[in-house]
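User: Please explain the terms applied to this model, setting each value against its cut-off.

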Amino acid sequence: KKKKKSKKKEERSDSSGDDDEFQDSGQAPVVDMGYDMPGGLDSDDEGHDKQGLGMDEEASRLNIDISKPLKADEVLPSIKQYERKSRYEIEEEDRKRKKKEKKDKEDKKEGEEEGEKIVLDGEEIDGNEGWTNAELAEKDELLAEGFSSWNKKDFSTFKSACERHGRNAFDSIAQELESKSAEDVKRYSEAFWSLGPARLGNWDAIEKQIEKGESKIQKRQEFMNAVKRKVEKYANPWQQLKFQYGNAKGKAFTEEEDRFIVCMTHQLGYGRWEELKYEIRRSWNFRFDWFIKSRTPKELEARFKQLVRLIEKELETEDAGGKRKPTAPAPAAAASASKKARK
C-alpha cells in the first residue's frame with residue numbers, strides 16, 4: 001500500500017510540473033479529447049499511415065496543421081465550426097464544386113474543338129469598328145437576306161392592310177405602304193407567314209385579327225355577288241327591280257328608295273357610303289324627299305344590309321327550285337289601299 005501511494009504522489013508531482021512548464025511557456029497543454037476526431041485525426045502515427053490522404057483532407061477542411069502537436073485552443077474552435085455545419089451545407093458545397101469542375105472541363109473541351117483564337121484587338125478589329133472581316137461579311141449577308149428597309153411603322157401598316165384587303169392583295173397593300181412595291185410586299189408577306197409563328201410572341205392575336213378582317217371581306221363579296229345576280233335579272237333595274245319584303249318592309253323607306261340604294265351601291269362598290277349619300281342628295285328623284293336626303297352613311301349601310309338579306313333569301317328559294325309565294329296584305333292595309341284608289 002505504501003508503494004502504491006508513493007507512485008501516485010510521483011505521478012501527481014510530474015503532471016503538476018508539466019503544467020508549470022506550459023504556464024511558463026505561455027502555450028496551451030496537449031489534451032486528450034476523449035472521442036475520435038473526424039477522419040481519424042485523433043489516431044496515432046500508425047492510424048495516420050492507414051488513413052492516408054483522407055486524413056489530410058479532413059485536416060485541411062478543419063484548417064488544422066497536423067504536422068505539429070494538436071492543442072486544445074487550436075482544435076476546439078475548428079471542431080465546433082465543423083459540427084455547426086449542417087449536412088445540407090456540406091452537400092451543397094460539394095455540389096457546387098463538382099458543377100464548377102464540370103463546367104471547366106466543358107469549356108476546355110469546347111476550346112479544343114474550336115481550335116480558333118478569338119481576336120480581341122488588332123488592326124483588323126480597329127479598321128472594321130470592332131468586327132473581324134469574317135464577321136463583317138456574315139453581317140452583310142444576313143442584312144441582304146433580311147428586310148433592313150422595313151421599320152416598325154411599315155410592319156404595323158402591313159398588318160392593318162392585310163386586315164382590310166386580305167393577305168394576298170399585294171397591290172392594295174403596296175399602295176398603303178407607298179415606298180414599297182408589290183414584289184417587295186410579296187417577299188415580305190412570305191417571310192411574315194412562314195416565320196411569324198416562331199418569332200412573334202403575340203402571333204395568335206395578329207393572326208386572329210387578320211382572319212377576322214378577311215372574313216368581313218368574304219362577307220362583303222357575298223353581298224355584292226347576291227346584288228349582282230339580282231340586278232342582272234332586269235333590263236332596267238333602276239325602275240323594274242322589286243323586292244319580296246314579306247313582313248320586313250318597314251315604314252321608313254319606300255321601294256323606290258330601296259331600289260336606288262341597291263342599284264347605286266352595285267355601281268359604286270361596297271363601303272362607299274359617303275359617295276352614296278352624295279348621289280342621293282344630287283338625284284332629281286329625291287329633290288323633295290327630305291327623309292332619304294337626311295340619312296347618315298351608317299343608316300344607309302344598315303339599310304343596304306337589310307335589303308341584301310332579303311335578296312339572299314329570295315335567291316336561296318330560287319336555287320332550291322321553288323318560288324316564294326307573295327304574302328297577302330293585311331286587311332287594314334288592303335282597305336286603306338282601296339280607299340286611296342277610289343279617291
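**Terms and cut-offs**

User: Why is Ser189 called buried?

Analyst: Ser189 has a relative accessible area of 5%. Buried means under 20% relative accessible area, exposed over 50%, and partly exposed in between, with a 1.4 Å probe and protein chains only; Ser189 is therefore buried. The model is predicted: local features need pLDDT of at least 70, side-chain atom pairs count only at pLDDT 80 or more, and totals for chains, interfaces and linings use all residues. Residues are numbered from 1 along each chain as its sequence is written, and side-chain values use heavy atoms, with hydrogens and water left out.

User: Where does Ser189 lie, and which residues is Ser189 in contact with, leaving aside its neighbours within four places in sequence?

Analyst: Ser189 belongs to helix H10, residues 182-199. Helices (H or I, at least four residues) are DSSP runs, as are strands (E, at least two), and both are numbered from the N terminus. With neighbours within four places in sequence set aside, Ser189 is in contact (heavy atoms within 4.5 Å) with Phe158, Arg167 and Phe170.

User: What makes Lys233 and Glu318 a salt bridge?

Analyst: A salt bridge requires a side-chain nitrogen of Lys or Arg within 4 Å of a carboxyl oxygen of Asp or Glu. For Lys233 and Glu318 the N to O distance is 2.6 Å, so the pair satisfies the criterion. Lys233 lies in the loop between helix H11 (203-231) and helix H12 (237-240), and Glu318 in helix H16 (residues 297-319), so the pair ties together parts 85 residues apart in sequence. Lys233 is partly exposed at 39% relative accessibility, and Glu318 is partly exposed at 34%.

User: How do you know that Arg295 counts as buried, and what is the class of Glu299?

Analyst: Arg295 has 18% relative accessibility and therefore counts as buried. Glu299, at 35%, is partly exposed. The side chains of these residues, Arg295 and Glu299, meet in a salt bridge at 3.4 Å, N to O. Elsewhere, salt bridges that share partners join Asp94, Arg97 and Glu101 into one network. The structure holds 14 salt bridges.

User: What is the mean pLDDT of the protein chain, and over which residues does pLDDT stay under 50?

Analyst: The mean pLDDT, the predictor's confidence in each residue from 0 to 100, is 75 for the protein chain, and 63% of its residues reach 70 or more. Residues 26-52 stay under 50, with 38 contacts in the model beyond four places in sequence. Residues 324-343 are also below 50, with four contacts beyond near neighbours in sequence. Where pLDDT is low, the predicted coordinates should not be read in detail.
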